[in-house]
Amino acid sequence: MDTMIRVYIFFATFVLFFVLEQLFARRVYGLDKKRLISNLSLVFAFYILSIFFKSFIPYTFALKHQGQMPFWASLIIFDFCIYLQHVISHKVSFFWRFHSVHHSDLHIDTTTALRFHPLELLASTFYKVGLISIFGLSADAVFVGEILLSSGALFNHANLYLPEWLDRFIRFFIVTPDMHRIHHSSENSEMNSNYGFFLSLWDRVFRTYGQRTFRDQEKIEIGLKQWRVKEKLYFFHLLLWPFKRP
Ligand SMILES: [Zn+2]
């Protein structure tokens, strides 16, 4: 299995949800080309940065490490640890400086899934390498887990309309766009809920699950209360954001 396969799947999934959300939009938001380019540029900046840390690509690292943890156990541990990482990103102010770049988006669509500060993505890479070392996660599980995680993020950030019955059914297992949109609310209590990235289980177990009625979804104010001037939320502002914002 080639690490490039993951990149191709990521790109194909991105195109799929990008097209679907244009056809079946959940909320109306005018096209902001600069926002679109900013979100894409952030993930591209990380891609460039990651070239210097090739041996820390989690799958490459896992192959060398040859962990013995069974496949399914590895997958579940991996997903839980990503949930935990997300909670920490909100609760520890140093990490919030970086993670708030993701939350500063005034709209949520599949490009928001790419809107992470490159240094947060780099830290996440080291975190995953740490998990592989500590738990001995199997390389196959890391490969599948990373694909599920990125595909899940592209799906649950998509501005995609799903009928209520379908959302309820999918949400029983994995995080849906309506579930994750609440996490992007500017209301603190809602932002501190629905931390899951793939399995919806963890938010239910640890009582961080939040919900709104199907109709209420259209009323959610997305983004951060203090920063709502879109001209100050573009690529270069976002790169400097952690070093300037509290
Ligand atoms: Zn968050």
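Helices here are DSSP runs of H or I with at least four residues, numbered from the N terminus. The model is predicted.

**Exercise 1. Find the place of Asn 194, and decide whether Asn 194 is buried or exposed.**

Step 1. Asn 194 sits in the loop between α10 and α11 (201–205).

Step 2. The relative accessible area of Asn 194 is 1%. Buried means under 20%. Asn 194 is therefore buried.

Step 3. Check the backbone. Phi of Asn 194 is near 50°, a positive value in a residue other than glycine.

**Exercise 2. Do the same for Gln 66: where is it found, and is it buried or exposed?**

Step 1. Gln 66 is in the loop between α3 and α4.

Step 2. Its relative accessibility is 58%. Exposed means over 50%. Gln 66 therefore counts as exposed.

Step 3. Phi of Gln 66 is near 50°, which is positive in a residue other than glycine.

**Exercise 3. List the protein donors of the zinc ion and place two of them in the fold.**

Step 1. Name the donors. They are His 86, His 90, His 99, His 103 and His 183, each through NE2. They lie 2.2 Å from the zinc ion.

Step 2. Read the spacing in sequence. The pattern of donor residues is H-x3-H-x8-H-x3-H-x79-H.

Step 3. Take one pair. His 86 belongs to helix α4 (residues 71–91), and His 103 to helix α5 (residues 93–103). The two residues are 17 residues apart, and the pair links distant parts of the chain.

Step 4. Test their burial. His 86 has 3% relative accessibility, so His 86 counts as buried. His 103 has a relative accessible area of 1%, so His 103 is buried.

**Exercise 4. Describe how α4 and α5 pack.**

Step 1. Start with the geometry. The angle is about 105°, and the axes are 6 Å apart.

Step 2. Classify the angle. Roughly perpendicular covers 65 to 115 degrees. α4 is therefore roughly perpendicular to α5.

Step 3. Assign the residues. From α4, the contact uses His 86, Ile 88, Ser 89, His 90 and Lys 91. From α5, it uses Ser 93, Phe 95, Trp 96, His 99 and His 103.

Step 4. Sort them by class. The contact of α4 with α5 has three nonpolar, six polar and one charged residues.

Step 5. Connect this with the zinc site. Zinc donors His 86, His 90, His 99 and His 103 also appear in this helix contact.

**Exercise 5. Characterise the surroundings of His 184: where does it lie, and which residues does it touch?**

Step 1. His 184 lies in the loop between α9 (177–183) and α10 (188–191).

Step 2. At 0% relative accessibility, His 184 counts as buried.

Step 3. Set aside residues up to four places away in sequence. His 184 then touches His 102, His 103, Ile 108, Thr 112, His 157, Glu 221, Ile 222 and Gly 223. One of these, His 103, is a zinc donor.

**Exercise 6. Analyse the packing of α3 with α6, then with α7.**

Step 1. Take α3 (residues 58–65) and α6 (residues 118–135). They pack at about 20°, with their axes 9 Å apart. α3 and α6 are therefore roughly parallel.

Step 2. Give the hand. α3 passes α6 in a right-handed crossing.

Step 3. List the contact. α3 supplies Pro 58, Phe 61, Ala 62 and His 65. α6 supplies Thr 125, Lys 128, Val 129, Ile 132 and Ser 133. The classes are five nonpolar, three polar and one charged.

Step 4. Turn to helix α7 (residues 139–157). The axes of α3 and α7 come within 8 Å and cross at roughly 170°. α3 and α7 are therefore roughly antiparallel. Their crossing is right-handed.

Step 5. List this contact. α3 brings Pro 58, Tyr 59, Ala 62 and Leu 63. α7 brings Ala 139, Val 142, Phe 143 and Glu 146. The contact of α3 with α7 has seven nonpolar, no polar and one charged residues.

**Exercise 7. Locate Tyr 127 and name its contacts.**

Step 1. Tyr 127 is in helix α6.

Step 2. At 24% relative accessibility, Tyr 127 counts as partly exposed.

Step 3. Leave aside neighbours within four places in sequence. Tyr 127 is then in contact with Cys 81, Ile 82, Leu 84 and Gln 85.

Step 4. Add a distance. The C-alpha atoms of Tyr 127 and Gly 152 are separated by 19 Å, and these residues are 25 residues apart along the chain.

How values were computed:
Residues numbered from 1 in each chain as written. Predicted model: local features only at pLDDT ≥ 70, side-chain atom pairs only at ≥ 80, totals over all residues. Heavy atoms only, no water. Axes fitted to C-alpha atoms, helices over the stretch in contact; angles between N-to-C directions. Parallel < 35°, antiparallel > 145°, perpendicular 65-115°, else oblique. Left-handed = near helix turned anticlockwise from the far one by under 90°. Contact = heavy atoms within 4.5 Å. Nonpolar A, V, L, I, M, F, W, Y, C, P; charged D, E, K, R; others polar. Donors = N, O, S within 2.8 Å, 3.2 Å for Na, K, Ca; no water. Buried < 20%, exposed > 50% of the residue type's maximum accessible area, 1.4 Å probe, protein only.
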